Amino acid sequence: MSWLDKLTGGFRKTADRLGDNITGLTSKAALDTSTLDDIEEALIASDIGPEASKRIRDAIAARRFEQLDERGLRTILAEEMEAILAPVAKPLDIWGFPRPHVILVIGVNGSGKTTTIGKLGAWLKEQDYGVMLAAGDTFRAAAIEQLRIWGERIDAPVISGKEGGDAAGIVFDGVKQATATGIDCLIVDTAGRLQNKTHLMDELAKVRRVLGRLNTEAPHDVLLVLDATTGQNALNQIEVFRNLAGVTGLIMTKLDGTARGGVLVAAAEKYKLPIHAIGVGEGVNDLRPFDPRAVARAIAGLSA
Ligand SMILES: Nc1nc2c(ncn2[C@@H]2O[C@H](COP(=O)(O)OP(=O)(O)OP(=O)(O)O)[C@@H](O)[C@H]2O)c(=O)[nH]1
């Protein structure tokens with residue numbers, strides 16, 4: 001299956017929800033105010049968020065359509081969602097020296113952090129970059145083990161310690177070893193226990209201090225991994241982690257199998273943070289750079 005087919009398939013449930021919500025809205029003779037209101041409501045009900053939904057409604061109103069059939073409406077929605085998504089689509093750029101480029105990956109437990117790190121590592125390796133992983137989530141032994149398994153799968157070395165060990169120490173070792181062995185990119189897993197925010201903030205601050213001592217530019221990226229199935233809760237997580245850790249970019253995962261993929265558009269409009277990639281499956285090739293046109297058309301239920 002091509003990646004584009006996979007993308008469209010991944011967004012099927014989201015597109016179905018949007019489709020259900022807009023059904024019948026275009027049968028009226030003219031696109032009047034009440035139809036525009038209904039379209040805005042349908043978008044909000046599709047997790048696209050109040051800000052983006054209002055913006056899309058205003059854009060449709062400004063285009064002064066006499067009438068639209070359903071396919072026409074889907075096309076306009078795709079165009080307007082693309083206009084929101086395009087400014088935040090930003091491929092990860094790991095150029096720059098000195099090496100290694102350090103990516104800190106943050107997010108709540110279960111958001112798909114470890115899987116995303118594995119997939120991201122595989123994607124970078126595909127481009128011939130040397131990749132190393134660091135198991136900075138020392139809170140659970142299972143998390144360390146899971147990262148080791150991903151390391152084996154993608155053939156990347158993994159720096160890890162004991163359960164309950166010092167995350168900053170592991171990151172320190174990671175940078176040292178990555179530097180010594182000429183690794184291009186070090187990807188660091190972190191704990192995501194929001195239950196104890198002070199501890200989490202202290203831990204992330206310590207990791208940053210240690211990194212900064214070794215390389216003033218590091219971490220080069222702080223990527224927040226979000227689980228699309230949590231819908232609006234994903235937006236709350238942006239709010240929390242932005243304040244907690246300083247987020248430089250987003251990766252939205254689990255867009256397959258959820259009807260809540262519209263939250264991607266909501267996040268783009270509300271926070272304007274770069275979106276680097278999206279996850280549409282658990283497999284090693286299921287993370288891809290964020291293509292705003294393809295994603296907007298997939299959400300609108302149009303083939304790419
Ligand atoms: N369908 C689907 N499942 C995913 C995706 N990304 C991750 N998962 C699954 O989501 C679950 C949680 O992913 P993890 O990578 O363990 O999440 P985590 O944030 O590291 O969680 P902890 O290890 O508890 O800290 C796993 O079963 C993954 O296989 C995705 O894009 N699509």
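Mentor: Helices are DSSP runs of H or I, at least four residues long, and strands are E runs of at least two, numbered from the N terminus. By that rule the chain has twelve helices and eight strands. Keep in mind that the model is predicted.

Trainee: Where does D155 lie?

Mentor: In the loop between α7 and β3, the latter being residues 158-159.

Trainee: What makes the phi of D155 notable?

Mentor: Its sign. Phi is positive, about 60°, although D155 is not a glycine.

Trainee: How do you know whether the peptide bond from A218 to P219 is cis or trans?

Mentor: Read omega. It is near -5°, and the bond is cis. P219 sits in the loop that runs between α9 (197-214) and β5 (221-227).

Trainee: Why are α4 and α11 called roughly perpendicular?

Mentor: The label covers angles of 65 to 115 degrees. Helix α4 (residues 50-62) and helix α11 (residues 263-271) pack at about 90°. That value falls in the range, so the two helices are roughly perpendicular to each other. Their axes are 7 Å apart.

Trainee: Which residues make the contact?

Mentor: E51, A52 and R55 come from α4; V265, A266, E269 and K270 come from α11. The test is C-beta atoms within 7 Å. By class, the contact has three nonpolar, no polar and four charged residues.

Trainee: What makes a residue count as near the ligand?

Mentor: Its C-beta atom, placed from the backbone, must lie within 6 Å. There are 21 residues around the ligand, and G112, K113, T114, T115 and G279 come nearest. Two elements, α6 (113-126) and α7 (141-154), give two or more residues to this shell. Helix α6 gives the most, with three.

Trainee: How does the shell around the ligand divide by class?

Mentor: Two nonpolar, 13 polar and six charged residues. Gly counts as polar in that tally.

Trainee: Which residues does the "AAA+ ATPase" annotation cover?

Mentor: The unreviewed UniProt entry gives that domain as residues 99-279. The span is 46% helix and 20% strand, and its end C-alpha atoms lie 27 Å apart.

Trainee: How do you know whether the radius of gyration agrees with a compact globule?

Mentor: Set the chain against the rule. For 304 residues a compact globule would be near 19 Å; the chain has 21 Å, which agrees. Along the principal axes, its C-alpha atoms fill a box of roughly 70 × 40 × 35 Å.

How values were computed. Residues numbered from 1 in each chain as written. Predicted model: local features only at pLDDT ≥ 70, side-chain atom pairs only at ≥ 80, totals over all residues. Axes fitted to C-alpha atoms, helices over the stretch in contact; angles between N-to-C directions. Parallel < 35°, antiparallel > 145°, perpendicular 65-115°, else oblique. Contact = placed C-beta atoms within 7 Å. UniProt positions renumbered as here; feature names shortened; annotations may be inferred. Rg over C-alpha atoms; globule rule 2.2 N^0.38 Å.
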